[in-house]
Amino acid sequence: MLKWIGDIYIEVFRDTPMIVQAMVIYYGLRSGGIEITPVPAAILVTVLNTGAYMSETVRAGINSVDPGQREGGLALGMTTMKIMVKVILPQALRNIIPEMANMFLTNLKMTSVLNVIGVTELFMVAKTTGAVYYKYFEAYLCIALIYFVLCFVFNRLFLLLEKKMKGKADYALAVEYMSDGE
């Protein structure tokens with residue numbers, strides 16, 4: 001039953017645009033008698049949308065780990081949970097960092113669609129500023145630079161994390177245990 005609910009959740013949020021999700025959640029909750037303001041609704045939409053994509057990313061990362069790793073853990077007498085936490089998840093995490101970074105940056109940029117439910121974000125501020133001062137190009141160029149700097153910095157942080165998770169590339173084999181004939 002839980003798997004079925006999870007599958008429906010993933011399909012719904014992966015197969016509909018975030019702008020539509022924002023409208024349905026915000027106005028759906030309000031029409032159901034739940035008084036929610038735009039910012040909590042926007043956070044809820046972002047979390048639900050990201051969760052659906054990330055669950056598939058994590059699933060794929062876990063499936064990318066060689067089945068022999070699990071078998072090796074079982075051979076060593078490890079519990080299933082210990083194998084998952086100590087063996088499989090660290091390897092899966094290393095495999096999914098690039099996709100996590102991509103998803104984070106995509107969602108950062110997608111926050112601009114949340115203005116449809118009244119969230120004042122960068123795009124809305126630029127639109128308003130452009131209308132007040134008749135400087136649309138400058139306002140939109142300014143938010144383009146802000147988004148660029150934010151994404152550039154976060155991308156570099158994720159690349160640093162990815163490099164850190166890779167581990168050492170110049171490790172030496174334990175040659176002292178090998179015989180001269182090998």
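**Entry 1: L150**

I started with L150 and found this residue in helix α7, which spans residues 136-166. This is a predicted model, and I read every entry below with that in mind. I asked myself whether L150 is buried, partly exposed or exposed. L150 counts as partly exposed because its relative accessible area is 33%. I also looked up how L150 sits relative to R14: the two are 136 residues apart in sequence, and their C-alpha atoms are 25 Å apart in space.

**Entry 2: cysteines**

Next I checked how many disulfides the structure holds. The count is zero. Why is C142 not bonded to C151? The closest cysteine sulfur to that of C142 is the one in C151, and at 15 Å it is too far for a bond. A disulfide would need the two sulfur atoms within 2.5 Å. Looking from the other side, I noted that C151 is in no disulfide either, with the sulfur of C142 as its nearest cysteine sulfur. I then looked up exposure for both. C142 is partly exposed, since its relative accessibility is 42%. C151 has 13% relative accessibility and therefore counts as buried.

**Entry 3: the nonpolar surface patch**

I turned to the surface and asked which residues form a nonpolar patch there. They are M1, L2, W4, I5, I8 and V12, and together they have about 700 Å² of accessible area. I picked V12 for a further look. V12 belongs to helix α1, residues 2-14. With a relative accessibility of 41%, V12 counts as partly exposed.

**Entry 4: N107**

Is N107 buried or exposed? I found N107 in helix α5, residues 80-110. N107 is buried, because its relative accessible area is 7% and the cut-off for buried is under 20%. Leaving aside residues up to four places away in sequence, I listed what N107 touches: M18, T46, N49 and T50.

**Entry 5: nonpolar cores**

Last, I went looking for the inside of the fold. The largest nonpolar core has 14 residues, and V45, L114 and I117 have the most contacts inside it. Which elements give two or more residues to this core? They are α2 (18-31) and α3 (38-63). I followed up on I117 and wrote down its contacts, again not counting residues up to four places away in sequence: A22, M23, Y26, Y27, P38, A41 and A42. Apart from the largest core I noted another one, made of five residues, including V65, V87, I88 and A92.

Terms used: Residues numbered from 1 in each chain as written. Predicted model: local features only at pLDDT ≥ 70, side-chain atom pairs only at ≥ 80, totals over all residues. Heavy atoms only, no water. Buried < 20%, exposed > 50% of the residue type's maximum accessible area, 1.4 Å probe, protein only. Patch = residues over 30% accessible without salt bridge, like charges linked within 9 Å, V, L, I, M, F, W, Y side chains within 5 Å. Areas by Shrake-Rupley, 256 points an atom, 1.4 Å probe, with all protein chains shown as cover. Salt bridge = Lys/Arg side-chain N within 4 Å of Asp/Glu carboxyl O. Helix = DSSP H or I, 4+ residues; strand = E, 2+ residues; numbered from the N terminus. Contact = heavy atoms within 4.5 Å. Core = buried A, V, L, I, M, F, W, Y, C linked by side-chain atoms within 4.5 Å.
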